[in-house]
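Hi,

Here is the structure I promised to pass on. Have a look at it first, then read my notes below.

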Amino acid sequence: MTVKSVQSHAARESSATPHSRRVFLKATVVAGGGLLLQAALPSLARVAMADAAAFSAGDAASLNAYVRIAPDGIVTIMSKNPEIGQGIKTMLPMVIAEELDVDWANVRVEQAPLDAAKYGQQFAGGSRATPLNYDPLRRVGAAGRQMLVAAAAQSWNVAPSECSTEAGVVYHRESGRSLAYGALTAKAASMPVPDLATVTLKDPKRFQIIGRRIPGVDNAKVVTGQPLFGIDVTVPGMLYAVFHKCPVFGGTVLSANIDALTALPGVRDAFIIKASEANPSADPQGLSDGVAIVANNWWAANRAREKLNATWDEGPTAAQSSESFAQGAAKLARGEPASYLRRDGDVASSFKGAAHVVEAAYSYPFLAHISLEPQNCTAHFQDDRVVFWAPTQLPGPGAKLVAATLGIAERDITVNMTRTGGGFGRRLRNDFMAEAAWISRAVGAPVKLVWTREDDIRHDFYRPAGFHFLKGGLDNAGKLVALRDHFVTFGHNGMLADSAAMDANEFPAQLVPHLEYGQSVMELGVPTGPLRAPRSNALGFVFQSFIDELAHQAGADPLNFRLTLLGEPRVLVNSTGKADPLRDFDTGRMRNVLWRVGEISGWSQRHTLPARTAKGVAFYFSHFGYFAEVVQVTVKPAGDIKLDHVWVVGDVGSQIINPSGAENQVQGAALDGLGSALGQAVTIDRGRVVQSNFDSVKPLRMDQAPPVDVEFLITDNPPTGLGEPALPPVVPALCNGIFAATGRRIRNLPIDVDGLKA
Amino acid sequence: MAYTIEVNGAKRTVDVDGDTPLLWILRDELDLKGSKFGCGAGLCGACTVHLDGKAVRSCLTPISTVASAVVATIEGMAANPVGRKLQAVWMELDVPQCGYCQAGQIMTATELLTRNPNPSDADIDAAMTGNVCRCCTYTRIRAAIKKAALIPSTATSIK
């Protein structure tokens with residue numbers, strides 16, 4: 001991985017956001033003489049606003065921090081957000097430790113439980129941790145350091161400005177004196193609390209921890225197999241449960257052979273759960289109808305399930321299928337869109353006057369999240385209170401859901417957050433929490449609910465499928481002058497399905513004078529939700545592939561065609577119309593990553609590659625990150641695909657906080673996207689999911705995984721997150737590479753290798 | 001019925017049905033949570049353990065078939081010179097993201113390096129392809145195996 005500094009074309013204001021209001025820092029002495037720093041900071045309003053809809057992150061409007069310095073100099077930083085593999089438990093404490101100026105070897109990180117009053121927003125999603133926390137947490141660390149310096153200065157009767165710090169020690173160089181932080185904790189607590197808005201931050205050139213490759217704080221536990229994950233939880237007296245839901249989404253249970261089940265070896269209880277008995281009834285993110293089986297061990301519970309004989313009322317979704325959706329979309333495409341997201345210029349006349357017109361229909365399937373740790377949850381319901389050990393990305397809304405489902409008070413719910421064996425957005429939904437609590441209440445004991453892989457694939461909140469009917473017009477010079485998309489998506493009860501929307505500013509809006517984005521909606525009974533880089537993971541494929549078709553029609557180099565389309569460096573305001581430096585699209589930043597990925601991938605030499613080996617390029621802006629990627633692919637005569645190499649260039653602002661974690665996220669996101677394009681689809685038939693395990697939903701494997709080169713361009717912009725934005729461009733880059741290698745255009749995912757035979 | 005098996009050097013007796021997979025014996029009876037449940041069908045490798053040094057999928061291994069075979073799990077790898085150095089390199093190269101698959105990856109890699117101390121890329125592909133990493137840390141897994149191959153199997157320890 002390399003990091004490269006560039007001057008961004010469109011200069012930006014600095015990342016520093018003044019925190020003049022509602023800020024407080026509290027310093028107290030704790031038992032044993034340590035110093036406790038508690039900070040409450042307002043969130044960056046613009047990011048929080050964007051999050052409100054996506055994550056329902058609760059009422060807590062603040063971003064709190066919690067740091068303890070013990071007399072022995074050990075600094076304990078509470079990690080408030082769930083660790084789902086994004087590296088948050090390492091990265092956020094690094095930010096505090098840097099400004100506090102302590103030795104990373106003396107930092108301990110503890111997972112905080114859910115406590116909104118103490119920790120503010122606690123969630124994992126949307127690549128938001130960096131943009132939300134980077135600046136505020138630096139200020140917390142800097143304020144703590146300033147108080148420790150003030151304490152030392154007072155003891156020595158010198159001016160604080162004469163003191164310096166290094167690795168947890170305050171120095172007065174002039175007199176050769178020094179005091180370790182641990183010795184200053186009691187005194188520091190009585191020092192004036194600095195104003196977080198104006199506290200002095202380190203010059204990034206002096207960073208000792210930020211910018212260093214720091215391994216994950218839980219790596220030792222991971223590689224030695226210590227219990228860390230939700231599925232590893234053991235509670236005294238715990239029983240084990242499986243929950244068999246109606247195979248058809250929204251179906252209800254009519255009967256089940258309960259007596260036969262309870263007679264099976266090891267089975268303690270079996271019972272029907274009806275979602276209609278929950279409060280609120282029919283919360284689509286909560287309880288579903290099904291049969292719970294509770295046993296002395298999980299194997300007995302799951303084996304008993306083989307003997308389950310249930311009857312269901314499958315409901316209206318049983319009439320839905322992927323095939324009927326495709327037919328419905330094609331039919332809708334023959335008519336006018338039901339509504340328009342935007343209409344610029346005069347598309348119809350522009351097509352008439354165009355030198356070339358290209359039409360293409362694109363589609364992508366439903367996708368499951370397939371986190372490797374199946375959904376699970378341990379709950380103990382007792383006296384109208386519930387204690388959870390839950391692998392969740394959104395513990396706060398999980399507690400709310402359970403309170404509503406069971407009709408108990410939210411304050412009576414305790415959520416211990418476990419490490420999570422992959423999130424990818426699946427654990428933004430907390431259905432497993434509602435189920436575990438319900439079952440625990442029914443059996444009067446703590447219960448660990450564990451889903452099978454089949455449950456996980458068949459009862460997800462899927463990345464919605466979608467259909468795009470595109471038409472593009474080029475003028476005599478090969479310039480894109482007109483574009484139309486009729487997007488056929490899904491909805492339910494008059495609302496657009498979760499994660500099934502397209503933004504009015506979807507690229508290349510604002511760059512093409514005559515442009516129409518129309519939309520029609522089909523009824524869907526299948527639950528949908530965010531999957532890593534929601535919307536972008538599908539729309540990037542559609543638009544960056546179609547742009548490649550247009551480049552080909554224009555006889556242009558696909559990379560140069562994109563540079564021309566981006567045009568002069570400038571900022572295009574986001575679709576709210578209100579300027580926002582994080583969400584606005586800076587064409588200059590994208591030009592730079594695109595240009596650079598061409599350089600490092602040897603784009604200009606691609607014509608020397610052997611037959612059926614080629615490179616494809618694409619870019620995408622999502623989650624505030626600018627990414628351009630090149631995939632080199634070889635398509636064998638039988639049609640099978642060998643991924644040769646991936647090059648990624650990203651711009652996520654002025655600082656890569658943990659280069660090791662950053663590189664890991666980017667490589668993983670790129671490979672994740674490739675895996676989804678090559679082997680993943682969830683097909684609906686008669687309202688149920690056809691696939692069931694990793695033989696039919698295929699994750700990428702070692703023998704398929706190519707090397708991924710990663711480079712970051714460092715620009716004068718606020719640092720932003722890396723969990724998601726590297727994923728969207730890799731799919732079209734692959735598909736465009738396949739076109740360059742074979743002349744066959746991939747317009748439907750997943751890629752059908754049978755269509756690629758020589 | 002009662003089965004006595006040797007796990008990580010200790011004899012353990014469990015009273016279970018003979019068709020219970022070794023995975024659930026390890027996890028729920030012996031409280032060894034390092035071996036993970038991922039698919040229950042031998043498709044992901046998260047449950048990989050060693051039987052007499054050979055990597056097997058414990059989710060498909062009924063306890064009745066274990067008999068006198070020596071079982072080793074990730075919790076026992078500190079005592080295995082190859083396993084131990086892989087654990088150390090895994091930490092050094094910061095391989096894990098979510099970490100859920102990594103015990104299984106290390107168990108398979110330990111068997112690979114034990115029988116083939118200097119594997120090629122093709123050898124690594126062949127050995128590791130049954131182990132899914134949903135976070136796709138394959139680049140680092142490959143690098144870690146290659147790096148560990150260069151280290152003598154003696155002088156490493158986990159801090």
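Helix H15 (residues 558-566) and helix H16 (residues 587-601), both of chain A, pack against each other at an angle of about 165°, and their axes are 10 Å apart. Keep in mind that this is a predicted model. Angles over 145 degrees count as roughly antiparallel, so H15(A) and H16(A) are roughly antiparallel to each other. Their crossing is left-handed.

Who does the touching? On the H15(A) side you'll find Leu559(A), Arg562(A), Leu563(A) and Leu566(A). H16(A) brings Thr587(A), Met590(A), Arg591(A), Leu594(A), Trp595(A) and Gly598(A). Sorted by class, the residues of this contact are six nonpolar, two polar and two charged.

Next, try helix H2 of chain A, residues 88-100. From first C-alpha to last, its 13 residues reach 18 Å, close to the 18 Å expected at 1.5 Å a residue. Is H2(A) enclosed or open? Since 13 of its 13 residues are buried, H2(A) is largely enclosed by the rest of the structure. Right after H2(A) comes Asp101(A), which has a positive phi, near 65°.

Finally, the two chains meet. Chain A and chain B each put 48 residues into the contact. On the chain B side, helices H1 (22-29), H2 (81-92), H3 (102-115), H4 (121-128) and H5 (138-149) each supply at least two residues. H5(B) gives the largest share, four residues. By class, that side of chain B has 26 nonpolar, 12 polar and 10 charged residues.

Cheers

Note on methods:
Residues are numbered from 1 along each chain as its sequence is written. Chains are lettered from A and ligands numbered from 1 in the order in which they are written. This is a predicted model: local features need pLDDT of at least 70, side-chain atom pairs count only at pLDDT 80 or more; totals for chains, interfaces and linings use all residues. The expected span of a helix is 1.5 Å times one less than its number of residues. A residue is buried if 20 or more other C-beta atoms lie within 10 Å of its own, exposed if 12 or fewer, and partly exposed in between; C-beta atoms are placed from the backbone. Two residues are in contact if their C-beta atoms, placed from the backbone, lie within 7 Å. Ala, Val, Leu, Ile, Met, Phe, Trp, Tyr, Cys and Pro count as nonpolar, Asp, Glu, Lys and Arg as charged, and the others, Gly among them, as polar. Axes are lines fitted to C-alpha atoms, for helices over the stretch in contact, and angles run from 0 to 180 degrees between N-to-C directions. Angles under 35 degrees count as roughly parallel, over 145 as roughly antiparallel, 65 to 115 as roughly perpendicular and the rest as oblique. A crossing is left-handed if the near helix is turned anticlockwise from the far one by less than a right angle, and right-handed if clockwise.
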